[in-house]
Amino acid sequence: MTTKYSFINLALEAFRGHRGWKPVWRDAIPKAAYDIIIVGGGAHGLATAYYLAKIYGVTRIAVLEKGWIGSGNAGRNTTIIRSNYLLPPNTPFYEFSLKLWEGLERELNYNTMVSQRGIVYLCHSDAQRDAYARRGNAMRLHGIDAELVDIDWIRRKLPFLDFENARFPIQGGLWQGRAGTARHDAVVWGYARAASSLGVDIIQNCEVTGFIRHGEQVLGVETSQGEIRAGKVGLAAAGSTSTLSAMLGLRLPIESHVLQAFVSEALKPLIPCVLIFGAGHFYVSQSDKGGLVFGGDLDGYNSYAQRGNLPTVEDVCESGLAIIPSLGRVRLLRSWGGVMDMSMDGSPIIDRTPLGGLYLNAGWCYGGFKATPASGLCFAHLLARDEPHELASDYRLDRFATGHLIDERGVGAQPNLH
Amino acid sequence: MRIQCPFCGERGFDEFLYLGDGGFVRPDATEPQAQARFVEAVYFRDNPAGPHVELWYHESGCHSWLRVIRDTRTHEILAVAFAHELSHR
């Protein structure tokens, strides 16, 4: 029976007809009580469970997932990893996350297909170039790679762009070479396998329907598979966070919005990096299978539907064609929607709540995928030590009352614009 | 998703701008708890999975503000009315 992935094991299994591989994680049945329960079996929840067991030595952990693991936003994103943020709490946090991505495959002994192919944000005006220079400088002050590149660099790297566009002339861009993509499903499976092997119970088809509470203390959860008691309960449920907190009468600075993503038919290698159009909202990369994976704006209205509307599809495709006209004959293969937990300032919340025993990891807007390792580690720190990790100490729930907002885009309390 | 504008008739949602939670009530700035009430009103909104009361602005039409009740699980529009008529009640 083979557990560890290595070249030797692969070779041995090849001679045995690959009959020795076993399921990569254990599908558990809930016990009566745990030290810590994580609600939400997405990438953030599973990463939290893994780091709780690995770094903080917590042994009795359960991850509850209402569907199958990775069936929510973990499997619905555009798989981009980067750390090109401007504001101080975000810049070191996302850089920490990128560093964890860089070592993730060795850490998990799982091929998460981290591909550091780089990301370029195109700029189309002098003011935008200035803004990117400022952002790049902020990154370099934190020791992160950032390079302001000119139009000749862009021409060499991405010759297929529309350089004759009179309305959105390409002037250059901001390049981060260490950014890239990772295989989202493999991230979920890798964390699940690693957590499961450390004794974490991963319980699928187990929807939280209520909470067991005594006064201001949360003592456990009621689920579709019965009551489960817990010393601490951590919510990592993305778009469903508000529905869960409403069961406790807790209002959050979060709106749930639908974001659509798209993939085209497979093409020969075309786009060598992650590309961000600066004049519209359009981001694209090419998967290893050849499909162009892309996305754009939110639909803009509250939604729990996991599907969007056609005008947004049209808008995103128009943005794409404005910068890459040669995609005009490419066929769209699939589109899907995910429910984003849009916070009121566009930044996440990793914090305690007014209720004892209840902890919150939410508000990732549509930037949660790249944050997965750091989010998991910082949330694990909070759950285990009862105090915030130093990199996440600004992601407080009370910042909306105290005015310490972290608003990268500077648009205020307009979740559909972040 | 199509919204039945009481003035223009049924139109695609892309003609409209979305403001969000229609239950917003501007707190009285002179009351002692005003600051906490403003935090509540600005940042803490209803976010139900189900019928949601919300404000839409018919930007590419009659420029009316509409109060729409919409199911956030299915995107079904349950009711539409002019916001100003409701606010005068």
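User: How many residues does each chain bring to the contact between chain B and chain A?
Analyst: Keep in mind that this is a predicted model, where local features need pLDDT of at least 70, side-chain atom pairs count only at pLDDT 80 or more, and totals for chains, interfaces and linings use all residues. Residues are numbered from 1 along each chain as written, chains are lettered from A in the order written, and side-chain values use heavy atoms, leaving out hydrogens and water. Contact here means heavy atoms within 4.5 Å. On that rule, chain A brings 28 residues and chain B brings 24.

User: What area is buried between chain B and chain A?
Analyst: Buried area is the accessible area (1.4 Å probe) that two parts lose on being put together, summed over both. Carbon and sulfur atoms give 51% of it here, and the total is about 2200 Å².

User: Which residue of chain A forms a salt bridge with Glu40(B)?
Analyst: A salt bridge needs a side-chain nitrogen of Lys or Arg within 4 Å of a carboxyl oxygen of Asp or Glu. The rule finds 3 of them across this interface. For Glu40(B), the closest N and O atoms are 3.1 Å apart, and the partner is Arg251(A).

User: Which element gives the most to the side of chain B that touches chain A?
Analyst: Helices (H or I, at least four residues) and strands (E, at least two) are DSSP runs, numbered from the N terminus. Strand E3 (17–21), helix H1 (34–43) and strand E4 (51–57) of chain B each supply at least two residues to that side. The top giver, with 5 residues, is H1(B).

User: Which element has the largest share of the largest nonpolar core?
Analyst: A nonpolar core is a set of buried Ala, Val, Leu, Ile, Met, Phe, Trp, Tyr and Cys residues joined through side-chain atoms within 4.5 Å. This one has 54 residues, and Trp101(A) is among those touching the most other members. Helix H3 (90–102) and helix H7 (184–197) of chain A are among the elements giving two or more residues. The largest share, 9 residues, comes from H10(A).

User: Is Asp71(B) buried or exposed?
Analyst: Asp71(B) sits in strand E5 (residues 65–71) of chain B, and a polar atom of its side chain lies 2.8 Å from the backbone nitrogen of Arg73(B). Buried means under 20% relative accessible area, exposed over 50%, and partly exposed in between (1.4 Å probe, protein chains only). Asp71(B) has 9% relative accessibility, so it counts as buried.

Methods. Polar contact = N/O pair within 3.5 Å; in protein donor to acceptor, adjacent residues only side chain to side chain.
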